[in-house]
Amino acid sequence: TIQDIIANHTLATSGVNYGLAPYDNSEALATNRWDYQVAASSGTLTNGKGYSVKLDATGDISFTGTINATDVSIALTQGAGGGGTDFNLLGNPYTTFINSGTFLTEEGVATTDITSATLWLWNQATSTYVTKVAGDSFKIAPGQGFFVEANSTNNVTFTEAMQSHEATDTFQRSSKTEVHLFVNDGNDSKFLKVYYINGTTKGFDNGYDGELFRGVSHPFALYSRLVSDSQGKNYQIQSLPNSDYENMVIPIGVNAAAGKEITFSADALDLPADIKVFLEDRLTNTFTRLDETNSEYKVTLSETLNGIGRFY
């Protein structure tokens with residue numbers, strides 16, 4: 001229960017608020033969507049629902065009870081009609097990992113209960129939300145919370161078949177051909193990923209293209225637009241065909257303040273030997289090769305950036 005979590009842990013506090021909060025997507029103001037609990041708060045924690053938790057210091061969160069070994073269904077909510085959002089904070093209800101690819105394919109492709117086969121996880125190390133698509137088959141840790149965007153008020157279901165019995169929380173290696181682009185402003189770093197996968201297209205591929213999380217503002221951000229039919233959406237993950245590389249020019253979007261010095265770099269994994277990666281700056285009319293070791297492109301912004309048009 002909520003009162004048990006409060007009583008048995010030293011949560012971070014701010015005024016009367018404790019570091020335990022469900023997400024209320026009906027609220028119009030983003031600052032009001034985290035429903036921070038107080039000393040007198042009570043109620044049952046809901047299986048399959050996510051909660052934001054912050055302790056006063058690094059430590060364990062402990063749960064005591066019967067291990068959940070059954071399917072778990074939870075109703076989605078839509079708040080956009082009232083000025084809120086359609087994002088729902090869910091949580092892995094099992095003591096095992098679950099395969100996000102299986103979950104997203106079921107809920108975002110087979111049933112379309114969510115808008116796309118995409119989820120977003122909070123990365124404490126970078127203080128940002130990270131996009132995962134079905135094609136990543138990312139393993140969601142026991143108790144891990146994550147966002148999805150509701151396309152209905154139907155139930156989503158966590159099933160035993162989605163469980164993935166990982167021995168340890170190991171790095172998920174990938175054999176995909178891909179390019180990771182990074183930008184750093186001296187204080188913070190952002191990234192996007194481009195996958196080259198047989199069968200994907202230059203347009204939207206559900207489960208292979210993932211938007212930048214729209215549940216928060218992004219004063220500093222890096223993203224791409226789809227090569228074809230982007231519809232103005234910003235993607236942290238874009239998948240493209242694994243052929244004709246040189247004829248696919250990708251629009252790169254940056255949000256950054258005027259006067260900032262930003263530095264681009266890239267990692268290219270398993271590209272064909274004759275393919276090189278260049279960043280084009282159409283304002284300075286320059287091309288910089290980024291796939292070589294320690295290569296980077298550094299520029300001081302003369303004006304605020306908030307979108308595409310300069311970098312490709």
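Tryptophan 122 is partly exposed, at 40% relative accessible area. Its ring pairs with that of tyrosine 129, a residue that is buried at 11%. All of this comes from a predicted model, in which a search of the whole structure turns up 17 aromatic pairs. Below are the aromatic pairs, then arginine 214, helix H2, asparagine 92, the strands and a few backbone oddities.

**Aromatic rings**

- The ring centres of tryptophan 122 and tyrosine 129 are 4.9 Å apart and the planes sit at 65°, so this pair goes down as edge-to-face; the cut-off for that label is over 60 degrees.
- Phenylalanine 147 and phenylalanine 213 also have ring centres 4.9 Å apart, but with planes at 35° the pair is tilted.
- That second pair ties together distant parts of the chain, 66 residues apart: phenylalanine 147 belongs to strand E11 (residues 145-149), while phenylalanine 213 is in the loop between strand E16 (210-211) and strand E17 (221-224).
- Both phenylalanine 147 and phenylalanine 213 are buried.
- Put these four rings together with Tyr23, Trp34, Phe87 and Trp120, and you have one aromatic cluster.
- Elsewhere, arginine 282 lies over the face of tyrosine 312, 3.6 Å from the ring centre.

**Arginine 214**

- Arginine 214 is found in the loop between E16 and E17, and is partly exposed at 43% relative accessible area.
- Its side chain makes a polar contact of 2.6 Å with the side chain of glutamate 149.
- A polar contact of 3.0 Å joins the arginine 214 side chain to that of glutamate 211.
- Leaving aside residues up to four places away in sequence, arginine 214 touches Phe87 and Glu149; Phe87 is also one of the cluster rings.
- Lysine 193 is 21 residues from arginine 214 along the chain, and their C-alpha atoms are separated by 17 Å.

**Helix H2 and its ends**

- Which residues of helix H2 (residues 100-110) are buried? They are Ser100, Gly101, Phe103, Leu104, Glu107 and Gly108.
- These buried residues span an arc of only 155° around the axis, so they fall on the same side of H2.
- At the start of H2, asparagine 99 brings a side-chain oxygen to within 2.8 Å of the backbone nitrogen of glycine 101.
- Just after H2, threonine 112 has a positive phi of about 50°.

**Asparagine 92**

- Asparagine 92 sits in the loop between strand E6 (87-91) and strand E7 (97-99).
- Buried or exposed? At 5% relative accessibility, asparagine 92 counts as buried.
- A polar atom of the asparagine 92 side chain lies 2.9 Å from the backbone oxygen of threonine 96.
- Not counting residues up to four places away in sequence, asparagine 92 touches Phe97, Ile98, Ile140, Ala141, Pro142, Gly143, Gln144 and Phe146.

**Strands and sheets**

- E10, E7 and E13 make an open three-strand sheet in the order E10-E7-E13, with antiparallel pairing.
- The edges of that sheet are E10 and strand E13 (163-164), each pairing on one side only.
- E7 and E10 pair in the antiparallel sense over two bridges, and isoleucine 98 has isoleucine 140 in E10 as its bridge partner. Both isoleucines are among the contacts of asparagine 92.
- Strand E5 (residues 72-75) pairs with E12 in the antiparallel sense, over four bridges; valine 72 stands opposite phenylalanine 158 in E12.
- Strand E12 (residues 155-158) has Val156 and Phe158 on its covered face, with Asn155 and Thr157 on the uncovered one. That fits the general rule: in a regular strand, side chains alternate between the two faces of the sheet.

**Positive phi in loops**

- Serine 137 has a phi near 45°, a positive value in a residue other than glycine.
- This serine 137 is in the loop between strand E9 (128-133) and strand E10 (139-140), and is partly exposed with a relative accessible area of 28%.
- Aspartate 270 is not a glycine either, yet has a positive phi of about 60°. Look for aspartate 270 in the loop between strand E20 (261-269) and strand E21 (278-281).

Definitions and conventions
Residues numbered from 1 in each chain as written. Predicted model: local features only at pLDDT ≥ 70, side-chain atom pairs only at ≥ 80, totals over all residues. Heavy atoms only, no water. Phe/Tyr/Trp six-rings, centres within 6.5 Å; stacked < 30°, edge-to-face > 60°. Buried < 20%, exposed > 50% of the residue type's maximum accessible area, 1.4 Å probe, protein only. Lys NZ or Arg CZ within 6 Å of the ring centre and 35° of its normal. Contact = heavy atoms within 4.5 Å. Polar contact = N/O pair within 3.5 Å; in protein donor to acceptor, adjacent residues only side chain to side chain. Pairing = 2+ DSSP bridges. Arc of directions from axis to C-beta.
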